[in-house]
Amino acid sequence: FQSSENPEDYRSHKEIMDEVVLQSKKKKMERQSNKEDVSSLTERLDADWNSIRSLLMTQVPRKETSSSGLDEFDATVKEMAFDKRAGATSKLRFEEKKVEALRIEREKQETERLERMKSPSEISKSATHSADSLDAELDLNRYDLRTR
């Protein structure tokens, strides 16, 4: 709903939609013409580039250098290219370390197994204490604050 004092400013829905369609077609034509312009410019540049590239690609004959004419750096680089690279280190040390660690672990497990097999009389008193044995040795009067 348009409120306008001038009845000529009022346009129907159909008129508005016709205008929108015309604007859309106009923009589409502009995009199409831009695309065609870009395409023609690209083709022209490609043709120019091919002619320039042919001029740039002419091969200049190289002068041959004899092997005696190599400078010290070039000779060193060639020698290094053919040098044998250092091989992989021996895995013997790694295997020896694994065997040693396994031997130590087995010895530790064996000593733990022998400790579990001992009878309670063989186990020293200093090794284990129960809560009851701690009560027997505790002198309560020593810690009584009322007697001081």
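Start by selecting Lys118 and Glu115: the two form a salt bridge, with the closest N and O atoms 3.0 Å apart. (A salt bridge here is a side-chain nitrogen of Lys or Arg within 4 Å of a carboxyl oxygen of Asp or Glu.) Lys118 is partly exposed at 35% relative accessibility, and Glu115 is partly exposed too, at 46%. The cut-offs are: buried under 20% relative accessible area, exposed over 50%, partly exposed in between, with a 1.4 Å probe and protein chains only.

Before you click further, some ground rules. This is a predicted model, where local features need pLDDT of at least 70, side-chain atom pairs count only at pLDDT 80 or more, and totals for chains, interfaces and linings use all residues. Residues are numbered from 1 along each chain as its sequence is written, and side-chain values use heavy atoms, with hydrogens and water left out.

**Zoom out: the whole chain**

Switch to cartoon and you get four helices and zero strands, in the order α-α-α-α along the sequence. Helices (H or I, at least four residues) and strands (E, at least two) are DSSP runs, numbered from the N terminus. Now colour by pLDDT, the predictor's confidence in each residue, from 0 to 100. The chain averages 78, and 63% of the residues score at least 70. Among the elements, α1 has the highest mean, 92, while helix α4 (residues 131-137) has the lowest, 59. Where pLDDT is low, the predicted coordinates should not be read in detail.

Turn on the surface next. The chain exposes about 15700 Å², and carbon and sulfur atoms supply 55% of that. Accessible areas come from the Shrake-Rupley method with a 1.4 Å probe; for residues, only the protein chains shown count as cover. How much of the chain is buried? Just 1% of the 148 residues.

**Select 13-56: helix α1**

Pick out Lys14 and Asp18, whose side chains meet in a salt bridge at 3.6 Å, N to O. Because these residues sit four apart in helix α1, about one helical turn separates Lys14 from Asp18. Lys14 is exposed at 59% relative accessibility, whereas Asp18 is partly exposed at 39%.

Now add Lys25, Lys27, Lys28 and Arg31, which gather in a patch of positive charge on the surface. Patches use residues with over 30% relative accessible area and no salt bridge; like charges are joined within 9 Å, nonpolar side chains (Val, Leu, Ile, Met, Phe, Trp, Tyr) within 5 Å. Lys and Arg count as positive and Asp and Glu as negative, while His and the chain ends are not counted. Each charge is placed at NZ of Lys, CZ of Arg, CG of Asp or CD of Glu. Arg31 lies in helix α1, residues 13-56, and is exposed, with 56% relative accessible area.

Next, try Trp49, Ile52, Leu56 and Met57. They make a nonpolar surface patch with about 460 Å² of accessible area together. Met57 belongs to the loop between α1 and α2 (72-82), and at 58% relative accessibility Met57 is exposed.

**Select 92-117: helix α3**

Which residues are linked in a network of salt bridges? Show Glu100, Arg103 and Glu107 as sticks and you have them. In the Glu100–Arg103 salt bridge, N and O are 2.3 Å apart. Glu100 and Arg103 are three residues apart in helix α3 (residues 92-117), so about one helical turn lies between them. Glu100 is partly exposed at 36%, as is Arg103 at 38%. For your final tally, the structure holds six salt bridges.
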